[in-house]
Amino acid sequence: MTHTMRSRLREGHPTLGDHLLLRGIGMLAYAAFAAFLWTLCWLQQDRPRIAAHPAMFAACFLAVVVFHIGSALIWGGPALFRGGRA
């Protein structure tokens, strides 16, 4: 009987590949956050008034959300998706 990743995570029996995939996605989220910060610093030097733009606030908020998703995937891993009733 073949189990999908979703069913393995819900049952609480993740494989090594599941761990690596979820934590790898978390690392990619960290890399995206770092790339955003690098670009933000570069833009600040080139155009200092860009920080006051509402779109920059939205971009920073999204970057923080991505950072926290990455943190949850790295530190929580497959345990985040374990099924259970509250």
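**Cysteines, a helix and a greasy patch**

A search through the whole of this predicted model turns up 0 disulfides.

Me: Why is there no disulfide between C41 and C60?
Reply: A disulfide needs two cysteine sulfur atoms within 2.5 Å. The sulfur of C41 has its closest cysteine sulfur in C60, and that one is 10 Å away, so the pair is too far apart for a bond. Starting from C60 leads back to C41, again at 10 Å.

Me: What makes C60 partly exposed?
Reply: Buried means under 20% relative accessible area and exposed means over 50%, with partly exposed in between. C60 comes out at 28%, so partly exposed is the label.

Me: How do you know that the span of helix 2 agrees with what its residues should give?
Reply: Helix 2 covers residues 16-46, which is 31 residues. The rule is 1.5 Å times one less than that number, so the helix should span 45 Å, and its end C-alpha atoms are indeed 45 Å apart.

Me: Which residues of helix 2 are buried, and what do they pack against?
Reply: The buried ones are D18, L22, G26, A29, F33, L40 and L43. They pack against helix 1 (5-11) and helix 3 (54-76).

Me: Why is F57 called exposed?
Reply: The cut-off for exposed is over 50%, and F57 has 62% relative accessibility, so it counts as exposed. F57 sits in helix 3.

Me: What nonpolar patch does F57 belong to?
Reply: F57 forms a surface patch with F61, L62, V65 and I69, and together they have about 530 Å² of accessible area.

Methods:
Residues numbered from 1 in each chain as written. Predicted model: local features only at pLDDT ≥ 70, side-chain atom pairs only at ≥ 80, totals over all residues. Heavy atoms only, no water. Buried < 20%, exposed > 50% of the residue type's maximum accessible area, 1.4 Å probe, protein only. Helix = DSSP H or I, 4+ residues; strand = E, 2+ residues; numbered from the N terminus. Contact = heavy atoms within 4.5 Å. Patch = residues over 30% accessible without salt bridge, like charges linked within 9 Å, V, L, I, M, F, W, Y side chains within 5 Å. Areas by Shrake-Rupley, 256 points an atom, 1.4 Å probe, with all protein chains shown as cover. Salt bridge = Lys/Arg side-chain N within 4 Å of Asp/Glu carboxyl O.
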